[in-house]
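Got your viewer open? Let's take a short walk, picking out one thing at a time.

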Amino acid sequence: FFFDHSQNSRGVPARMRVLALVLALAALVAVDGKFYEKDSLVENLNPMNFYNHIKKPDSMNKVKVIEFYSNSCATCKSFVKDYNELAKQLKGIVKVAAVDCDAHKKICDDYGVSSHPTLKVIPPGGFGTQDYAGERNTKSVYSWTVKFITHFVDKVTADSLDGFLNAQAGKYKALLFTDKPKTPLIWKGLSVDLHNKMTLGEVKSSEKGVCSRYKVTKFPTILVVKPGQKKPIKYEAKVEYGELFEFLNRYQETFAMEKPQQDEEDAAKRPWLTESFPEMHALSAPDVCYGADSVCVLAVTKSASDGKPPADLNNVVMSVKAKYSNSGSAKYSNSG
């Protein structure tokens, strides 16, 4: 469904935008791969979304792993279960994708693919590739892929805490208190997604002074902090990438202005303001669709068990959204 709120008197540009969106959505749905469908977290790549997947500015610091496969390849078929599991384990941290070389031969030729399955990693920066030559199983590919991960997590100690808090003092920061010897992958991934938006720090359990200051006795503990704050904001939900990202995203730039208490209340009352694909209902409609000087694209779908749109639909909408976001001509919402 499309709600056209543009101000063009003749309406021609708006109709053209709507038609383009419809065609783009239809094309993306039509070329979905055969191996990774429905609830798979593996993103199917095609000529419309491939280069955006690699070069999208806000994902340039992310590692991408891509499988190039053929539907007639027995090894490819047997690898599907492992690759789906890899996508689950690296959800949000690494972009896990696949290209059907039968349907998109030019992409595979451009990347020098001559056998299947071929696995390639595109390191942070989006330039160059590294080929995988190990065993085709989740554990081996996982170990190889995570070696390429970079991050922006600050190590916070008693000596560096004040400096950490006072850098960009008007913005919230997030602290992970942990008893693990290495920085958790999920925290590394979040630091990449929130880079230049929110600073993430890590406090080891051995830093007794910092732990005492924030009254932390259990690990892991995640707090959102800010200079002059009366009480830190504690994350209470399950430690899962999507949930954590949505929580932290509420307190980055949009809600880190001069009235923190009011901003925190707004973030809690209107979470759809910071969601990339918000649900439209009676409360959110004025913000996410009605009153917008743009085209509003509404997807009507059944929500998954976690209350979010199906992964395949979300991937399609995010791809189209990225294509049109620079023009500011469209808003996207879902109705579960």
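Our first stop is a bit of enclosed space: about 40 Å³ of it lies in the largest cavity of this predicted model. The structure holds one cavity of 30 Å³ or more.

To see what surrounds that space, select Asn61, Lys62, Val63, Ile93, Ile149, Thr150, Lys188, Gly189 and Val192, which line the largest cavity. Color them by class and you'll get four nonpolar, three polar and two charged residues. Which helix gives the largest share of this lining? Select residues 185-193: that's helix H7, and three of the lining residues come from there.

Next up, the sheet. Switch to a cartoon view and look for five strands in the order E2-E4-E3-E5-E6, forming an open sheet with mixed pairing. Its edges are strand E2 (43-45) and strand E6 (130-131), each pairing on one side only.

Now zoom in on E2 and pick strand E4 (residues 94-100) as well: the two run parallel, joined by three bridges. Click on Asn44 and you'll find Ala98 of E4 standing opposite.

Two helices to add before we stop. Select residues 74-89 for helix H3, which packs on the sheet and touches strand E3 (63-69), E4 and strand E5 (118-122). The direction of H3 makes about 165° with that of E3.

Then select residues 138-145 for helix H5, which also packs on the sheet, touching E3, E4, E5 and E6. Compare its direction with that of E5, and the angle comes to about 25°.

Key: Residues are numbered from 1 along each chain as its sequence is written. This is a predicted model: local features need pLDDT of at least 70, side-chain atom pairs count only at pLDDT 80 or more; totals for chains, interfaces and linings use all residues. Side-chain values use heavy atoms; hydrogens and water are left out. On a 1 Å grid over the protein atoms alone, a cavity is a set of points where a 1.4 Å probe fits but cannot get out, and a pocket is an open set with protein on both sides within 12 Å along at least five of seven lines; lining residues have an atom within 4 Å of a point. Grid points are joined across faces, edges and corners, and a volume is the space filled by probe spheres set on the points. Helices (H or I, at least four residues) and strands (E, at least two) are DSSP runs, numbered from the N terminus. Ala, Val, Leu, Ile, Met, Phe, Trp, Tyr, Cys and Pro count as nonpolar, Asp, Glu, Lys and Arg as charged, and the others, Gly among them, as polar. Two strands pair if DSSP finds at least two bridges between them. Contact means heavy atoms within 4.5 Å. Axes are lines fitted to C-alpha atoms, for helices over the stretch in contact, and angles run from 0 to 180 degrees between N-to-C directions.
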